[in-house]
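The following exercises are to be worked with the sequence and the coordinates at hand. Each task is followed by a solution in steps.

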Amino acid sequence: FEGFTPLELLPNSTPFREEYHAISKDSMDAKLVLYNMNMMPEYCKESYIPEYDLSDKFKCDVIPSFLGKGECKHNDTNIKWLARKKVQGKTLSQCINEKMDFKRDIDKTLNMFISILNGVNEISGLLKKGGHNNINTDNIIVSEDSNGKEKWFITGFGCISEPCSGKATFDESVLNAEFRAPETALCRYNQATDVFSLGIVLSYLLQNKSPWPILREGQEQVNFLAYVKHVMETRPKIEVDERFF
């Protein structure tokens, strides 16, 4: 793939989209994404893949650097490929599980969070008020810049899309139920549903936990519809003063 050699298949892969840890000819760690164009689902039949088509247009520095993309053919399989710099660091989930106290340096934490907001805002602008759609603490990487200063990055671009209503234009099965807005149960995705997901991330930063109890069956999260029902039943009741209406 023009100098990028796959080393390891990553767990986020699907039958039509494979993610690899790869290395470039310059010995740089990269994340390589391969799209099997022969197996793309119905919503991609016109060969428009936002993650691929917009990959070289993102300017915000919280989005890992674009390294290259292209097309090739292997036997009878048409392939598109995309490479970004692989960010070294820990996921925000790992940091939270290790009991890192983000509240101790709230100014730095909020500045990092705002940098992620700026990245999501750029994505939405390019997608005409669409969204990243897969924001969660696994897709935020806590790393360092070239000067050793803490820097956060956002990843997980396989679900970015223009606004959806009634039918998702990406694979919903890879989403984390805990971070999804309730209206996504009706396949409604846009910049507002990203704001909801960011709110859950912020709750973890400020409280080290979700705003409501996480519903599980054994060690596995339950399906999303059951989770939405659980959230609606357990969210705090807000008393409204009718004089304001």
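**Exercise 1. The largest cavity**

Determine how much space lies in the largest cavity and which residues are closest to its centre.

Solution. Step 1: in this predicted model, the largest cavity holds about 90 Å³ of space. Step 2: its lining consists of 14 residues, and Asn133, Asn134, Phe179, Arg180 and Ser197 are the closest to the centre. Step 3: sorted by class, the lining of the largest cavity has seven polar, five nonpolar and two charged residues. Step 4: the count of cavities of 30 Å³ or more comes to two.

**Exercise 2. The largest pocket**

State the volume of the largest pocket, then describe its lining.

Solution. Step 1: the volume of the largest pocket is about 910 Å³. Step 2: 44 residues line this pocket, and those nearest its centre are Asn12, Glu19, Lys31, Asn139 and Gly156. Step 3: the lining of the largest pocket divides into 19 nonpolar, 15 polar and 10 charged residues. Step 4: at least two residues of this lining come from each of S2, S3, helix H1 (50–53) and strand S5 (77–85).

**Exercise 3. Strand S2 and its partners**

Establish how strand S2 pairs with S1 and with S3, and whether S2 is mostly covered or not.

Solution. Step 1: strand S1 (residues 5–9) runs antiparallel to S2, and four bridges join the two. Within this pair, Pro6 stands opposite Ala22 in S2. Step 2: S2 also pairs with strand S3 (residues 29–36), again in the antiparallel sense, over seven bridges. Here Tyr20 stands opposite Leu32 in S3. Step 3: the hairpin of S2 and S3 has five residues between the strands, and Ser27 takes a positive phi near 65° in this hairpin. Step 4: a residue counts as buried at under 20% relative accessible area. Five of the seven residues of S2 (residues 17–23) are buried, and the strand is mostly covered.

**Exercise 4. The sheet S6-S7-S8**

Identify the edge strands of the open sheet S6-S7-S8 and the helix that lies across S7 and S8.

Solution. Step 1: the three strands of this open sheet have the order S6-S7-S8, and their pairing is antiparallel. Step 2: strand S6 (90–91) and strand S8 (150–154) each pair on one side only, which makes them the edge strands. Step 3: S6 is joined to strand S7 (residues 140–144) by two bridges, with Thr91 opposite Ile141 in S7. Step 4: the helix is H3 (residues 106–126), which lies across S7 and S8 and runs at about 30° to S8.

How values were computed: Residues numbered from 1 in each chain as written. Predicted model: local features only at pLDDT ≥ 70, side-chain atom pairs only at ≥ 80, totals over all residues. Heavy atoms only, no water. Buried < 20%, exposed > 50% of the residue type's maximum accessible area, 1.4 Å probe, protein only. Pairing = 2+ DSSP bridges. 1 Å grid on protein atoms, 1.4 Å probe; cavity = no way out; pocket = protein on both sides within 12 Å on 5 of 7 lines; lining within 4 Å. Points joined across faces, edges and corners; volume = space filled by probe spheres on them. Nonpolar A, V, L, I, M, F, W, Y, C, P; charged D, E, K, R; others polar. Contact = heavy atoms within 4.5 Å. Axes fitted to C-alpha atoms, helices over the stretch in contact; angles between N-to-C directions.
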